[in-house]
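Here is a brief report on pocket space and cysteine pairing. Look at the structure first, then read on.

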Amino acid sequence: MIAQRLPNTAAIQSKGWLLAHKWLLARRFSQLTILALFMIGPWLDIWLVKGNLSSSLTLNTLPLTDPYVLLQSLFAGHSLEATAITGAAIVIIFYLLVGGRVYCSWVCPVNIITDFAHWLQQRFNIKAATSISRNYRYWLLAATLLLALTTGNMAWETVNPVAMVQRGLIFGMGMAWIVLFAIFLYDLLISRRGWCNHLCPVGAFYSLLGTHSPLRVRADAREQCDDCMDCFVVCPEQQVITPALKGEEKSIGPVITSANCTNCGRCIDVCAKNVFHFGLRLNNKIKHNKPKQNINNHTSHSTGAEAL
Amino acid sequence: MIQQSTSRLPDSASRRRFLVSSARTAGGAALAGLGIGLYSQQSVSLPAEALRPPGALAEHDFLSACVRCGMCVRDCPFDTLRLATLGDSVTIGTPYFTARDVPCEMCDDIPCVKACPSGALDHSLENIDDARMGLAVLLDEENCLNFQGLRCDVCYRVCPAINKAITLEHVSNIRSGKHAMFIPTVHSDHCTGCGKCERACVLDEVAIKVLPLNLAKGELGQHYRWGWKEKEKAGGSLVTPDTQHKYNLPKDQRYDYEGEGLIFDNEASNDSPFSSDPLSTLNQGMKEAP
């Protein structure tokens with residue numbers, strides 16, 4: 001019943017528990033801190049941040065607005081106030097730099113639940129094999145914008161579970177627990193990593209936003225790889241690792257360039273051979289085949305193909 | 001020839017597979033989109049007892065603008081506003097208040113509007129008296145105490161625009177035959193829809209309710225004109241001029257159209273068989289009665 005070997009066993013042995021969970025802990029800390037900053041207002045009357053992830057005001061000065069919500073509003077035919085536009089611009093610049101799906105793995109509260117579902121699957125060897133195309137989310141993203149355009153209201157925001165859950169935690173859940181539980185069950189029993197990596201148009205939007213972000217995971221020490229497959233098991237978007245890790249013969253550089261990579265850093269944690277590390281997208285050249293040559297085939301080459 | 005066909009076959013097969021899977025994915029997304037669209041269309045009908053904060057755009061525009069951040073809720077000093085949650089009949093995540101529970105206190109500085117980052121609450125609203133959250137309507141005349149001739153007046157007293165948004169109109173009380181009734185009457189050019197009257201109504205079930213403007217207000221057909229207003233505007237009748245009614249009166253008698261009525265120029269010339277005092281006519285023959 002219980003899986004034979006958890007994917008971080010080797011890493012714990014070689015690096016110790018703490019280092020084998022470094023980025024995971026950092027991520028949970030980030031997710032919970034962001035949530036806490038919103039919640040200490042209503043709970044403890046300490047108002048550092050007001051609002052929610054759709055739009056917020058920090059320390060009464062810094063406005064932040066979800067650019068996806070802003071986009072839906074534009075499609076629905078409303079031109080937002082300057083405050084919202086400024087807020088969205090700040091958010092856009094941030095994710096352009098650090099990678100769009102950092103939103104998913106470092107901010108979004110639903111990720112904690114879907115990660116938990118995935119952890120249970122591994123722990124208890126639960127198969128959830130329904131396969132849905134990973135591109136479904138992009139089609140759904142297009143559908144939500146089309147809906148805003150045709151109905152004149154932000155139709156997606158009436159069902160958006162990500163906003164619903166985060167807003168619910170801060171302002172009162174109502175029946176949003178049901179939606180969260182449904183996503184949990186869906187991920188646990190029906191489709192592996194089904195919500196975040198196949199359906200969620202919010203993640204799809206942030207994927208596109210961070211297509212060219214400079215901050216990436218790199219597999220610079222890929223010749224060290226002993227094919228233990230631990231990184232593939234933990235990676236929420238497995239397909240993004242392959243070109244960077246195994247692409248040496250095909251002259252593919254060591255940078256994970258896919259916009260679908262969430263920069264969660266879990267592969268860095270579980271690799272006992274320290275193959276991965278966070279780095280910049282620049283200097284994505286092949287080390288061994290063409291050493292010390294001036295062919296800097298960075299960015300443009302591999303990004304476009306992987307992005308969608 | 002053979003080389004060509006073998007190299008093309010897997011190509012077209014994979015292309016077919018790609019097209020099929022793309023079509024399937026797109027179809028799935030379209031189906032989901034249709035579901036979301038239908039659901040959202042159903043969930044945008046605002047129940048009559050839910051009122052939007054001051055300065056809210058018209059409902060359809062409001063729903064295209066509101067980002068559901070809840071900052072108006074946070075900056076409301078009286079905890080009047082709520083964000084709708086899943087299961088409420090109000091569109092999820094949007095702010096509203098229920099006047100019977102907590103009415104709007106009409107803050108002079110309108111903090112909820114200032115807090116709105118999206119313009120769903122119109123920042124051009126600077127005087128709270130110009131807010132139109134709804135319109136109070138005295139719905140139940142059968143149970144309103146004032147309509148029974150009692151002096152309840154509570155809605156009138158609590159109104160922040162007393163004597164402007166709600167006035168008391170005097171009407172004779174037919175039941176008692178000698179008293180007046182003080183009828184609370186709402187005037188839309190002053191009522192902000194704050195809901196204080198609805199909150200204060202002493203009945204178990206309110207007689208006066210704030211309704212959204214589209215429910216509370218009637219509207220004249222576009223092509224109709226009020227004749228007397230057009231006449232005033234034009235400075236005279238726009239159609240055939242009014243003919244003055246002519247009475248064929250006996251000599252020395254005139255008719256005053258301004259309200260005086262029948263005027264006798266010469267009392268002596270009054271050769272009517274009836275006395276000028278109508279009572280003497282009515283009492284005719286009474287004195288002779290046994």
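The text below covers the largest pocket, then the cysteines.

**Pocket**

This is a predicted model. Its largest pocket holds about 560 Å³ of space. The lining counts 26 residues. Closest to the pocket centre are A:Ile34, A:Leu64, A:Phe94, A:Tyr95 and A:Val107.

Several elements of chain A give two or more residues to this lining. The helices are H2 (22-44), H4 (82-98) and H5 (102-107). The strands are E1 (49-52), E2 (55-58) and E3 (62-65). H4(A) supplies the largest share, five residues.

What is the lining of the largest pocket made of, by class? It has 19 nonpolar residues, six polar residues and one charged residue.

**Cysteines**

How many disulfides does a search of the whole structure find? The count is zero over all chains. B:Cys159 is in no disulfide, and its nearest cysteine sulfur belongs to B:Cys194. B:Cys201 has its closest cysteine sulfur in B:Cys152. The two cases are set out here.

| Cysteine | Nearest cysteine sulfur | Sulfur distance | Relative accessibility |
|---|---|---|---|
| B:Cys159 | B:Cys194 | 6.4 Å | 11% |
| B:Cys201 | B:Cys152 | 6.6 Å | 13% |

Why is the sulfur of B:Cys201 not in a bond with that of B:Cys152? The two sulfurs are 6.6 Å apart, which is too far for a bond. A disulfide needs its sulfur atoms within 2.5 Å.

Are B:Cys159 and B:Cys201 buried or exposed? B:Cys159 counts as buried because its relative accessibility is 11%, and the cut-off for buried is under 20%. B:Cys201 is buried too, with a relative accessible area of 13%.

Definitions and conventions: Residues are numbered from 1 along each chain as its sequence is written. Chains are lettered from A and ligands numbered from 1 in the order in which they are written. This is a predicted model: local features need pLDDT of at least 70, side-chain atom pairs count only at pLDDT 80 or more; totals for chains, interfaces and linings use all residues. Side-chain values use heavy atoms; hydrogens and water are left out. On a 1 Å grid over the protein atoms alone, a cavity is a set of points where a 1.4 Å probe fits but cannot get out, and a pocket is an open set with protein on both sides within 12 Å along at least five of seven lines; lining residues have an atom within 4 Å of a point. Grid points are joined across faces, edges and corners, and a volume is the space filled by probe spheres set on the points. Helices (H or I, at least four residues) and strands (E, at least two) are DSSP runs, numbered from the N terminus. Ala, Val, Leu, Ile, Met, Phe, Trp, Tyr, Cys and Pro count as nonpolar, Asp, Glu, Lys and Arg as charged, and the others, Gly among them, as polar. Buried means under 20% relative accessible area, exposed over 50%, partly exposed in between (1.4 Å probe, protein chains only).
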